[in-house]
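Colleague: I have a few labels to check with you. Could you show me the structure and set each value against its definition?

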Amino acid sequence: MSSSEFWLTTDRLALRRFGPNDQNWLTSLYADLEVTRYLGGTKTPAQVEEMMASRILRYYEDHPGLGIWMTLERATGDRIGFHLLNNIHGESTIQVGFALHQAAWGRGFATEMGRALVAYAFRDLRLARLAGTANLENLASQHVLQKIGLRRRGERVFTHPAYASQGPMAFFERDRFDWLEQAYPAASSGRS
Ligand SMILES: CC(C)(COP(=O)(O)OP(=O)(O)OC[C@H]1O[C@@H](n2cnc3c(N)ncnc32)[C@H](O)[C@@H]1OP(=O)(O)O)[C@@H](O)C(=O)NCCC(=O)NCCS
């Protein structure tokens, strides 16, 4: 793979678009009981194929700048999971999210690329607000959402079938100007 396919990089990680050749990889991720425990459960190969077509490949064209991207470890080139910026199903609200193969857990990877995506969302896309959701029992994900700059805003119940089985979910948000003020305090103090 040429490095030009990497559209966002951090010290250890890189993001690129998914392609049709990644379908088997995604099928194995969604067959893992632990990885999908708080993602609505495992998906069949047919469900992954549908997700790949509508929520990944077509989504890039329909929503410029947004999507679900493959996360790779730069040192090895290994595919370790995905990071995303996309609309919460059934809403226009844009969320940040992540899921990694178990072998990649506990190394700070979700946080490292999550932080870069939040900066991209506010600086480059200039989104007014960014959200995040997590199952109430998914403490690791909640912790990552806070570490990358989102703030806990209580709980929300989502009626869309993609989330309904999870019951009330931990909800996180951050406003662009609030994030900018913290990221660039000197510049913000001069803003009228
Ligand atoms: C959630 C997930 C992405 C975290 O990835 P990761 O790369 O291991 O996360 P990081 O290492 O960046 O950070 C995890 C943080 O949560 C903490 N953590 C881990 N398990 C925890 C737990 N059970 N309770 C509280 N905190 C926990 C870690 O200590 C770490 O915090 P620290 O850096 O302050 O020590 C990963 O576990 C995963 O892919 N899970 C399955 C998919 C999923 O649930 N995605 C989120 C959907 S909302």
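Colleague: Where is arginine 107 placed?

Modeller: Arginine 107 sits in the loop between strand 5 and helix 3. Helices (H or I, at least four residues) and strands (E, at least two) are DSSP runs, numbered from the N terminus. This is a predicted model: local features need pLDDT of at least 70, side-chain atom pairs count only at pLDDT 80 or more, and totals for chains, interfaces and linings use all residues. Residues are numbered from 1 along each chain as its sequence is written.

Colleague: Why does arginine 107 count as partly exposed?

Modeller: Arginine 107 has 13 C-beta neighbours inside 10 Å. A residue is buried if 20 or more other C-beta atoms lie within 10 Å of its own, exposed if 12 or fewer, and partly exposed in between; C-beta atoms are placed from the backbone. The count of 13 falls in between, so arginine 107 is partly exposed.

Colleague: What separates the C-alpha atoms of arginine 107 and threonine 9?

Modeller: 17 Å, with the two residues 98 apart along the chain.

Colleague: What makes arginine 126 exposed?

Modeller: Arginine 126 has 9 other C-beta atoms within 10 Å, so it meets the limit of 12 or fewer and is exposed. Arginine 126 lies in the loop between helix 3 (109–124) and strand 6 (129–135).

Colleague: What is notable about phi of arginine 126?

Modeller: Phi of arginine 126 is near 55°, a positive value in a residue other than glycine. Most residues other than glycine have a negative phi.

Colleague: How do you know that strand 3 and strand 4 pair?

Modeller: Two strands pair if DSSP finds at least two bridges between them. Strand 3 (residues 67–73) and strand 4 (residues 79–87) have six bridges and run antiparallel, so the rule is met. Threonine 71 faces glycine 81 across this pair. Five residues lie between the strands of this hairpin, and glycine 77 takes a positive phi near 80°.

Colleague: What joins strand 4 to strand 5?

Modeller: Seven bridges, with strand 4 antiparallel to strand 5 (residues 94–100). Leucine 84 has glycine 97 as its bridge partner. This hairpin has six residues between its strands, and glycine 90 in the turn has a positive phi of about 85°.

Colleague: Which bridges involve strand 8?

Modeller: Seven bridges join strand 6 to strand 8 (residues 169–175), antiparallel. Asparagine 135 is bridged to methionine 169 there. Strand 7 (residues 151–156) also pairs with strand 8 in the antiparallel sense, over four bridges. Arginine 152 stands opposite phenylalanine 172.

Colleague: Which residues are closest to the ligand?

Modeller: Ala110, Thr111, Leu139, Ala140 and Ser141 are the closest of the 22 that surround the ligand. A residue is near a molecule or strand if its C-beta atom, placed from the backbone, lies within 6 Å of it. Helix 4 gives the most to this shell, five residues.

Colleague: How do the residues of the shell divide?

Modeller: 13 are nonpolar, eight polar and one charged. Ala, Val, Leu, Ile, Met, Phe, Trp, Tyr, Cys and Pro count as nonpolar, Asp, Glu, Lys and Arg as charged, and the others, Gly among them, as polar.

Colleague: What makes the radius of gyration agree with a compact globule?

Modeller: The globule rule is 2.2 Å times the number of residues to the power 0.38, with the radius taken over C-alpha atoms. For 192 residues that gives near 16 Å, and the protein chain has 16 Å, so the two agree.
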